[in-house]
Each structure stands twice: as structure tokens, then as C-alpha cells.
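Trainee: I have a protein in front of me and would like to talk it through. Could we go over it together?

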Amino acid sequence: MKNFKTWSLDKKVRGMLMDIIKTRHANKNVAWYGNDLLGLMLEACAPEHGESCPQLSMDEIIDECKTFFFAGHDTTSHLLTWTMFLLSTHPDWQEKLREEIAMECGDKVPAGDMLNKLKMVNMFLLETLRLYSPVSLIRRKVGTDIELGGIKMPEGALLTIPIATIHRDKEVWGEDADEFRPERFENGVTRAAKHPNALLSFSSGPRSCIGQNFAMIEAKAVIAMILQRFSFTLSPKYVHAPTDVITLRPKYGLPMILKSLKL
């Protein structure tokens, strides 16, 4: 049954993407292929370039689109979900952030310069990433024989890096590692723990997430606009059950009670 559901969902996603691609092909004489990621990939594979072998097959283009969606949309949406959860359970911080947003943005839609000034919002998001990182583990393949911490790693070995475990390690973050304390990021990410690269929500090094800056700007803007308009608390129906299905999410959703501030 699960295999059938997986196949069915994959077929549905593939069909949706193929419909978008067909539309781009049909309109290429008017708007070319578009100036987004999909448009660039389709242009690279266009027969007009006269290459006998396309740079990307259609299956590869679809796989790239899937990766971009799940890596770029799914992770950010769950960052926002857990941020709303922590704002609901820490009303004092909800009010602090609302005051900062009112000071820097007023009633205006937050723009780039305004977002850069939201220091407490940034601290709150980083602490959310530490406690409820949307990606709970990453894997890396060893490119050459190497020794790490006295352990020899052969070329080709697959290493699993348990982000969720590292983010709550008291040897790295201190005795309050299990506690919610956004102020630990007051002096930046590199000074928040005993190791400058302890926060691994976006990975680190040359393979770090290419969209991390965009994700943080997007999250700041969304949270700022919500706090400008609403106060909120958790619904009594909420059941705390974080579950890891590719990304970390509330198993039973996040029912909330919102109150408009504009009334």
C-alpha cells in the first residue's frame, strides 16, 4: 500500500512538472523559456543550440525541480512552522519581536533594509533552527582516505552527521543546550557555541545550502508581517509530536488561536 502511494504521489508531482514544462515549450516564441531556474535548464537543453546530446535529460530536469521544491520550499515552511510554535509558547519573546518590528518597520511591508535591522527576529530564527532544524541529519561521502578524530575513513565511506543530536549536545552548547535561549546568538552564529560551526541547519563549508540567505530573509519577512497583524497562542488541541519525514514537522499539525491586532 505504501509503495503504491509513493508511486502515485511521484506520478502526480511528475505530471504537474511536465504540465509546466509543456507550457514553457508552447510559449517559447513569446517569452522564451522564462528567466527562472526551470527556464535556464530548458534553454540549456534547447535543440536550437544545435548540440547532438542535450546537457540535461527531461528526467534530470524534473529531478532538479523536485530537489529545488523540497529543499527550498519544504524546509522553509517547516522553519516557519516551528517558529510559530516557539512564539506561541514564549509570549514574552512574541512581544519583544513585535516591538522590534514596530520600531524598524512600523505598519509598512518589511523591505531589505528593515529586515537587516531585525536583530532579535534573527536570533529567534537561529534558535528555532537549533532546536527544531527542518533537516535532522545530512550525509557526506569521503572523497579520499582521511583520518578524523583518530578514526581512519576510507575513500567512498558514507558519513552521517546527526544535526539534531549535535544541536542539543551540552559539550558544544553548554548546560542549557535543551533550553530555549535566543540570546545565545546575540554575538552571531560563530560565537553562540564552543565551536564556530556548531549550527549545521544549512550544513557548512563548500556544500552548504546555496539558498540559506534567501531562506532567512524570507522567514524574517513572513514572521514580521504575521506579528504586525496578529497575536497568537497554541490551541488546546495541539499535541507535541515532532516527526521526521524527510523534514521535521509536527505529526498532528499546528492548530493555533489567532487574534487580529487591527480590530
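The chat below goes from the whole chain to single residues.

Trainee: How many helices and strands does the protein chain have?
Mentor: Before anything else, keep in mind that this is a predicted model. The protein chain has ten helices and eight strands, and its C-alpha atoms fill a box of roughly 60 × 60 × 45 Å along the principal axes.

Trainee: And what share of the residues counts as buried?
Mentor: Of the 263 residues in the protein chain, 34% count as buried. The accessible surface comes to about 16,400 Å², and 58% of that surface belongs to carbon and sulfur atoms.

Trainee: Which contacts did you look at for the fold, and what share joins residues at least 24 apart?
Mentor: Taking the contacts between residues at least 6 apart in sequence, 61% of them join residues at least 24 apart.

Trainee: Switching to charges, how many positive and negative ones are there?
Mentor: The protein chain has 33 positive and 32 negative charges, and the mean positions of the two groups are 5 Å apart.

Trainee: How many salt bridges does the structure hold?
Mentor: The structure holds ten salt bridges. One of them joins D59 and R14, whose closest N and O atoms are 2.7 Å apart. Because D59 lies in helix 4 (residues 58-89) and R14 lies in helix 1 (residues 2-26), this pair ties together parts that are 45 residues apart in sequence.

Trainee: Are D59 and R14 buried or exposed?
Mentor: Neither word fits, since D59 has 41% relative accessibility and so counts as partly exposed, while R14, at 33%, also counts as partly exposed.

Trainee: Which residue does K262 meet in a salt bridge?
Mentor: The side chain of K262 meets that of D107, with a distance of 3.7 Å from N to O. This pair links distant parts of the chain, 155 residues apart, with K262 in the segment after strand 8 (256-260) and D107 in the loop between helix 5 (91-105) and helix 6 (112-116).

Trainee: Why do K262 and D107 count as exposed?
Mentor: The cut-off for exposed is over 50% relative accessible area. K262 counts as exposed because its relative accessibility is 52%, and D107 is exposed because its relative accessible area is 69%.

Trainee: Which residues are linked in a network of salt bridges?
Mentor: E127, R130, D176, R181, E183 and R184 are linked in such a network. Within it, the side chains of R181 and E183 meet at 3.4 Å, N to O. R181 is partly exposed, with a relative accessible area of 27%, and E183 is likewise partly exposed, with 31%.

Trainee: New topic: what does UniProt list for "binding site"?
Mentor: The UniProt record, which is an unreviewed entry, lists C209 under that heading. In the model, C209 is placed in the loop between helix 9 (170-173) and helix 10 (212-229), and C209 is partly exposed, with a relative accessible area of 32%.

Trainee: Last one, about Q228: where does it lie, and what does it touch?
Mentor: Q228 lies in helix 10. Not counting residues up to four places away in sequence, Q228 touches I101, C105, G106, D107, K108, P110, L261 and K262, so you will recognise D107 and K262 from the salt bridge we discussed.

Trainee: Is Q228 buried or exposed, then?
Mentor: Q228 is buried, because its relative accessible area is 10% and the cut-off for buried is under 20%.

Methods:
Residues numbered from 1 in each chain as written. Predicted model: local features only at pLDDT ≥ 70, side-chain atom pairs only at ≥ 80, totals over all residues. Heavy atoms only, no water. Helix = DSSP H or I, 4+ residues; strand = E, 2+ residues; numbered from the N terminus. Buried < 20%, exposed > 50% of the residue type's maximum accessible area, 1.4 Å probe, protein only. Contact = heavy atoms within 4.5 Å. Areas by Shrake-Rupley, 256 points an atom, 1.4 Å probe, with all protein chains shown as cover. Lys, Arg positive; Asp, Glu negative; His and termini not counted. Charge placed at Lys NZ, Arg CZ, Asp CG, Glu CD. Salt bridge = Lys/Arg side-chain N within 4 Å of Asp/Glu carboxyl O. UniProt positions renumbered as here; feature names shortened; annotations may be inferred.
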